[in-house]
Amino acid sequence: MPDLLFEPVTLGGLELPNRIVVSPMAQYSSEGDGKATDWHLMHYGNLSVSGAALVVFEATAILPEGRVSPRCLGIWDDAQIEGLKRIVDFARRPNGAKMGIQLAHAGRKASVAPPWQGGDALLPGEGGWEIWGASDCPYPGRVAPIMPDADHLENIAQAYLSALRRAELAGFDLVELHCAHGYFLNNFLSPISNTRNDEWGGDLEGRLRYPLEIFRRLRAAWPQTRALGIRISGTDWVEGGWTVEDSVVFARALKAEGCDYVALSSGGSSPDQKITVGPGYQVPLSAQVRREADIPTIAVGMLSEPELANDVLVRGDADLIAIGRGMLFNPRWAWHACQTLDGTMRVADQYLRCHPSMRNLPR
Ligand SMILES: Cc1cc2nc3c(=O)[nH]c(=O)nc-3n(C[C@H](O)[C@H](O)[C@H](O)COP(=O)(O)O)c2cc1C
């Protein structure tokens, strides 16, 4: 089989020149108002010229109470559009990456300090705020979240739609609905965090209902010429929790609603999760969902060996590869992978002369 990492692919309405995605990574670098700062311009601007075909912005809160920390990026207010648009506009240059954004609500895991300040829970009045979950079942060791009633669920659905409209105005090419890592929409899916006994809880069908409803409304409002996907935790890694078989059922339903891809991460719903971490440890989740739900997938998690990343694609276990920490460690990861795999790619004109094959050219 030929190498695939540097082959083009279509994701929804997007033509991508290769299969490399910069995974969403929270920067905790707003000043408390959810607005993008110069840090974000530097960070995403740099990644937009990394050679990755797609850069997905970090979890961006659709409501202030949906932030993980007080310093998270937000998209709940029109005043936040300008800062996001500035970065997207910067990225829109020849050979720049397509830009996506992850719409997020942190649910019962909201209101904590940034990781480098300890990551501890912040209570209302101490820099934190009241938190909301699918039900009032707390994350172990944390305060109980408030369970939203029907009116409140409708308000949250409207907040997702308003955030989507802002993402469109900012010019994003792709929206990813964050449904992973024990955050709000994931709280509905997992039996660990959803103890509701109304239409939004109970059996698998009930637990899928609210996240599916949100996805359906976003799809109806998002242009077909762009892409709309979702990130899920493919398993809770806990006995009695959400399983990869549940993920397949969810992915089939998402496909029927017009979902362009499912990105397969895992875990986050329980501190009891048992994960054996190693290169490609989440790839089986992507492979099973791709095969059994027949939907494009993005694999992620310790895939920064270029041969491994390429093999995942060649085996048919995913359609794209997301790289997280490997991109922070080496923002030219894609260039090096291209050299290793003997592929071809386009880079910014300003950087052309650094390429090993070009260094000896006359000035
Ligand atoms: C600093 C940092 C921030 C992250 N923030 C997010 C986030 O905002 N949304 C998300 O879905 N995953 C987030 N993740 C998880 C990554 O997207 C990725 O799934 C994970 O790091 C595994 O991939 P890797 O081994 O290539 O780093 C974050 C990871 C890191 C290291």
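Here a trainee and a mentor talk through the ligand site and the cysteines of a predicted model.

Trainee: What makes Pro-24 a polar contact of the ligand?

Mentor: A backbone N or O atom of Pro-24 sits 2.7 Å from a ligand oxygen, and the cut-off for such a pair is 3.5 Å, so it counts.

Trainee: And which atoms pair up at Ala-26 and His-178?

Mentor: At Ala-26, a polar backbone atom is 2.8 Å from a nitrogen of the ligand. At His-178 a polar side-chain atom lies 3.4 Å from a ligand oxygen, which is within 3.5 Å and therefore still counts. As for cover, the ligand exposes 610 Å² when taken alone, and the protein buries 79% of that.

Trainee: Which residues come nearest to the ligand?

Mentor: Ser-23, Pro-24, Ala-26, Met-302 and Arg-325, out of 16 around the ligand. Sorted by class, that shell holds 7 nonpolar, 6 polar and 3 charged residues. The ligand's space is also the largest pocket.

Trainee: How do you know that Cys-338 isn't in a disulfide?

Mentor: A disulfide needs two cysteine sulfurs within 2.5 Å. The closest cysteine sulfur to that of Cys-338 is in Cys-354, 12 Å away, so the gap is too far for a bond. Seen from Cys-354, the closest sulfur is that of Cys-338, again at 12 Å. The disulfide count is 0.

Trainee: Why is Cys-338 called buried?

Mentor: Because its relative accessibility is 7%, and buried means under 20%.

Trainee: What about Cys-354: buried, partly exposed or exposed?

Mentor: Its relative accessible area is 34%. That falls between 20% and 50%, so Cys-354 is partly exposed.

Terms used:
Residues numbered from 1 in each chain as written. Predicted model: local features only at pLDDT ≥ 70, side-chain atom pairs only at ≥ 80, totals over all residues. Heavy atoms only, no water. Near = heavy atom within 4 Å. Polar contact = N/O pair within 3.5 Å; in protein donor to acceptor, adjacent residues only side chain to side chain. Areas by Shrake-Rupley, 256 points an atom, 1.4 Å probe, with all protein chains shown as cover. 1 Å grid on protein atoms, 1.4 Å probe; cavity = no way out; pocket = protein on both sides within 12 Å on 5 of 7 lines; lining within 4 Å. Sits in = over half its atoms within 2 Å of the grid points. Nonpolar A, V, L, I, M, F, W, Y, C, P; charged D, E, K, R; others polar. Buried < 20%, exposed > 50% of the residue type's maximum accessible area, 1.4 Å probe, protein only.
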